[in-house]
Amino acid sequence: MAMRQTPLTCSGHTRPVVDLAFSGITPYGYFLISACKDGKPMLRQGDTGDWIGTFLGHKGAVWGATLNKEATKAATAAADFTAKVWDAVTGDEVLTLAHKHIVKSVNFTQDSNYLLTGGNDKVLRIYDLSKPEADPQEIAGHTSAIKKALWCNNDQQILSAADDKTIRLWDKNTQEAVHTLSFDASVTSMEYIPDGEIVVITYGRTIGFYNAHSLDLIKTVDAPASIHSASLHPEKDFFVAGGDDFKLYKYDYTTKEEMESYKGHFGPIHTVRFSPDGELYASGSEDGTLRLWQTAVGKTYGLWKCVLPEELSSENSEVLYCPPAEIKA
Amino acid sequence: MTFILKTHTGYADAALILNEISMKTPVSVLRLPRGPDPNSRGFDPNSPRFIALCPTTLSSSSSSGAVDEEEQRLRSDLRERFLRTLLLMTDKQVEFNMHEKVRVRARFGASDIDVLNFQVSGLETPLGVQKEALLRCQDVISCSFEL
């Protein structure tokens, strides 16, 4: 029987959620960090959305947040001109890295030893976390504010997206731009999928998929509305996208067909990411909430429970919370 | 007012679609995600992850942990010695070496909690003996007394 998606709403933030990131799968499950304009990034259990803690310390809107693979470290980028590194187990601030302008993006290498930052001063910086006092390696070239900077290709190269409507692939050692992609519209988001070497880029209403080494175009898909963020499923069978019209779209990656669209958010969607196991995806919105959505609707996973019709009406179902059957406009 | 719904073959399809929508059961959830605790910043120290990943202050297998412990132990020893010295100094004649080549003698009374001032009596100064005085500790270089 057809089931209707029940998104799980994670409240707590008081302002728009602008970025979110998942950790890898750890012995304690996987985790999710959300960046918010209220300056208080939060750590949550990835499969349930349960709040674990809030990283307190930034004095301005947090524009970017990331976790390392093991979810032992977190990094945040903020409007207070700093990037901070945190202990993701205790919640303590470990490092503050001063910048000359708003920092927008932070990204750890696979071994968590280096942190890449990018922001409004147009310069990419690489910090050696074992020598935080040392000056970072700087890579300049973009002519506008950097929106997102990611390690890729075994942490040997860097992908950066900026308001100058370009995406550049840099070699970390030579600090040269190896490839550049130019667009007519501002790039709104970028995601790197190491397994398969794919970069997901959104601009205007388009979701583009590119080869991470050559930046050759694989395919593009156009959505009904302006898209702010998209994420490709780890198995590469679907991708999800969200943007201006508050809806979340789910597409078949192979056929490019729109499979589903979900309403739920009360504001534009700024960020969307698949979990590392692909079982759910999380979206962050202008409405200040994070929502978790099932990839396979109706499956028992996390807080979602597959319930047969007989169970629903029996007395044994007191543990189950059945959302009211609302008529979705 | 009367509405006459005129449909052709579409009516049966519409009914089917309406039926489907109302039949689609929303997925049940066990509970809603837990929100933030208004009183704390979280990171529960009793969670299994915290206990497993954060070494407690008592046990430490890493070498840097051992060095920190040793340093702390030394600091504690020095602090204890200092406090005991102050206790021993009470009511004794003490000679204070201060900046600007000042050397004065006095009977030591007590120190304040932050060791900013020493209360002394009978302070011998070139201008005479001051019955009660406070010596500013930051001006004191050293002091000596007989046990």
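Biologist: Which residues are linked with Asp50(A) in a network of salt bridges?

Modeller: Side chains of opposite charge can pair when their charged atoms come close. A salt bridge here is a side-chain nitrogen of Lys or Arg within 4 Å of a carboxyl oxygen of Asp or Glu. In this network, Asp50(A) is linked with Arg31(B) and Arg34(B). The model is predicted: local features need pLDDT of at least 70 and side-chain atom pairs count only at pLDDT 80 or more, while totals for chains, interfaces and linings use all residues. Residues are numbered from 1 along each chain as its sequence is written, chains are lettered from A and ligands numbered from 1 in the order in which they are written, and side-chain values use heavy atoms, without hydrogens and water.

Biologist: How many salt bridges does a search of the whole structure find?

Modeller: The search gives 21 over all chains. One of the pairs is Asp19(A) with Lys148(A), at 3.4 Å from N to O. This pair links distant parts of the chain, 129 residues apart: Asp19(A) lies in strand β3 (residues 17–22) of chain A and Lys148(A) in strand β15 (residues 146–152) of chain A. Helices (H or I, at least four residues) and strands (E, at least two) are DSSP runs, numbered from the N terminus.

Biologist: Is Asp19(A) buried or exposed?

Modeller: Buried means under 20% relative accessible area, exposed over 50%, and partly exposed in between, with a 1.4 Å probe and protein chains only. Asp19(A) counts as buried because its relative accessibility is 8%, and Lys148(A), at 18%, counts as buried too. Arg125(A) and Asp121(A) form a salt bridge at 2.7 Å, N to O, and both are buried.

Biologist: Where do Asp77(B) and Arg73(B) lie?

Modeller: Both are in helix α3 (residues 63–89) of chain B, four residues apart, about one turn of the helix. Their salt bridge has its closest N and O atoms 3.3 Å apart. Asp77(B) is partly exposed at 35%, as is Arg73(B) at 43%.

Biologist: Which element of chain B has the lowest mean pLDDT?

Modeller: The pLDDT is the predictor's confidence in each residue, from 0 to 100. Where it is low, the predicted coordinates should not be read in detail. Helix α1 (residues 10–23) of chain B has the lowest mean, 55, and strand β3 (residues 93–98) of chain B the highest, 96. Chain B averages 83, with 77% of the residues scoring at least 70. For the complex, the predictor gives an ipTM of 0.84 and a pTM of 0.74.
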